[in-house]
Amino acid sequence: MNLIKRILLSSFVLTLVGTSVGANAKAYKTVLVHGFQSQQLTAMDPRKIDSDGEAYWAEYWGGLADERIDWPSYERVEGKIASDYLWPKLRTMSEQGICQPGCIFLTHSTGDLITRYIIDNQANWLENAGLEPLNIVATFDVAGAGGGSELADLAVNVANGLANPVVEAAVRAWLGRSVGQTLGVLNDLKVNNARQIASFPGDRTPRLRFVADGDLYFNATKLFLPGIDDSVVAAHSACGANQVAAFDSCSVHVGMDGKLTSQDDGVRHFLPYHYPMLMSDNYDHYSVILNQAKGKVTTANTSINIAPNKSVAFSTYEEEKGFWLWKKKYRYVRQSDNTSMSALLFAAIPE
């Protein structure tokens, strides 16, 4: 058997094992909410929404989750995304009792913003229809764009003819294509717009943040993102900060690389019920949801209770590097050097 066949067989077996054993052993159901998909802006085909959503999570999470909420990037959050995609799915989930034992929503990128809108509205929508609201215990927001992305502001400017060639090149690198006539959810992802959408939900659902600081697109986008970023989303958004600024960490005590030292430009104030958990300067915006180990991961918070007798926690250790006066101390999550961030997240879901 050649190497490629062995890899495919191993992946298939791992998926089966994870689906039959891992997912069923968890205390809560997992619901996936994907992020922005640029190809949908030029291929606006409602028939592909489901298959696009499936492909988005195919490498790792698709085989482990219990439900998936798919939505089209060519529509607006408070428009047809809500009425034609979120509401019908939430109604079905309520009717089937999917979240009666509790659900954890795992979101990526713009899925963070979509889920904030769900949290703010789902109870009212479902109760008005005579249905039971979903029991959303917590969210795992990976590379969250709930605070918007400066790249979306640039894309809208390009579409309106208000950008120079450098900006156009950065936007093209991000989207993988030129900006067309349809902007859809890009309008909602503009930083000021995103921060106005369901910005202070009354629901106290803990929103756990998982943040990266990696490089993509030959660094073409980083010039336009304040502070540290994953090449698509800046820390103010991914960490869940209550204001836009150039932050270097989600913590004032530990750096993105795990160094235990004061962070003058770390986030100090967060949106309600937003809690940064894992941080890494090795992962980028997309590798955080893949099953690929990229390097050591650190914690902004090591544990948090999400329900009575249920917590999300990560085992850590400290390591000293350097010599004598130059000696520095770092904090890392155990096994993170050879375990993907996604696998660390899945293992942390309470059983």
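**Cavities, cores and buried elements of the predicted model**

The lining of the second largest cavity comprises four nonpolar, two polar and three charged residues. This cavity belongs to a predicted model. Its volume is about 50 Å³. The lining residues are Arg-116, Ile-119, Pro-201, Asp-203, Thr-205, Arg-207, Pro-272, Tyr-273 and His-274. In total, the structure holds two cavities of 30 Å³ or more. The largest cavity has a volume of about 80 Å³. Thirteen residues line this cavity, and Phe-36, Ser-109, Thr-110, Val-232 and His-285 lie nearest its centre. Its lining has eight nonpolar, five polar and no charged residues. Charged residues are thus part of the lining of the second largest cavity, while the lining of the largest cavity has none.

An open space was also examined. The second largest pocket contains about 180 Å³. Phe-36, Gln-37, Ser-38, Gln-39, Tyr-56, His-108, Trp-174, Tyr-286, Ile-289 and Leu-290 line this pocket. Six of these lining residues are nonpolar, four are polar and none is charged. Phe-36 appears in the lining of this pocket and also in that of the largest cavity.

Confidence was considered next. The protein has an average pLDDT of 93, and 93% of the residues score at least 70. Residues 1-22 stay under 50 in pLDDT. For this segment the model has eleven contacts beyond four places in sequence. Where pLDDT is low, predicted coordinates should not be read in detail.

The largest nonpolar core has 65 residues. Within this core, Ile-69, Leu-86, Phe-105 and Leu-186 touch the most other members. Several elements each supply at least two core residues: β1 (29-33), α3 (77-95), β3 (103-108), α4 (111-128), α5 (150-159), α6 (165-175), α7 (186-189) and α9 (235-238). Residues up to four places away aside, Leu-86 touches Ile-69, Ile-81, Ile-114, Tyr-117, Ile-118 and Trp-125. A second core of 35 residues is separate from the largest one. Its members include Tyr-60, Leu-208, Ala-212 and Met-277.

Thr-139 lies in strand β4, which spans residues 136-142. Its relative accessibility is 0%, so Thr-139 counts as buried. Neighbours within four places aside, Thr-139 is in contact with Phe-105, Thr-115, Ile-119, Thr-205, Pro-206, Arg-207 and Leu-208. Some of these partners recur elsewhere. Phe-105 is one of the residues that touch the most other members of the largest core. Leu-208 is included in the second core. Ile-119, Thr-205 and Arg-207 are among the residues that line the second largest cavity.

Two helices are largely enclosed by the rest of the structure. Helix α5 is one of them, because seven of its ten residues are buried. These are Glu-150, Leu-151, Ala-152, Leu-154, Ala-155, Val-156 and Val-158. The cover over the buried residues of α5 includes α6, α7, α8 (191-194) and α9. Just after α5, Gly-161 takes a positive phi of about 70 degrees. Helix α10 (residues 341-348) is likewise largely enclosed, because seven of its eight residues are buried. The buried residues are Met-341, Ser-342, Ala-343, Leu-344, Leu-345, Phe-346 and Ala-348.

Gly-184 is found in the loop between α6 and α7. Gly-184 is buried, because its relative accessible area is 7%, under the 20% cut-off. This residue and Glu-75 are 109 residues apart in sequence. In space, their C-alpha atoms are 4.5 Å apart. Residues up to four places away not counted, Gly-184 touches Ser-73, Tyr-74, Glu-75 and Arg-76.

Backbone angles were examined last. Most residues other than glycine have a negative phi. Tyr-217 has a positive phi of about 55 degrees although it is not a glycine. Asn-219 also has a positive phi, near 65 degrees. Tyr-217 is found in the loop between β5 (207-212) and α9, and Asn-219 lies in the loop between β5 and α9. Asn-219 is partly exposed, with a relative accessible area of 40%.

Methods:
Residues numbered from 1 in each chain as written. Predicted model: local features only at pLDDT ≥ 70, side-chain atom pairs only at ≥ 80, totals over all residues. Heavy atoms only, no water. Core = buried A, V, L, I, M, F, W, Y, C linked by side-chain atoms within 4.5 Å. Buried < 20%, exposed > 50% of the residue type's maximum accessible area, 1.4 Å probe, protein only. Helix = DSSP H or I, 4+ residues; strand = E, 2+ residues; numbered from the N terminus. Contact = heavy atoms within 4.5 Å. 1 Å grid on protein atoms, 1.4 Å probe; cavity = no way out; pocket = protein on both sides within 12 Å on 5 of 7 lines; lining within 4 Å. Points joined across faces, edges and corners; volume = space filled by probe spheres on them. Nonpolar A, V, L, I, M, F, W, Y, C, P; charged D, E, K, R; others polar. pLDDT = per-residue confidence, 0-100.
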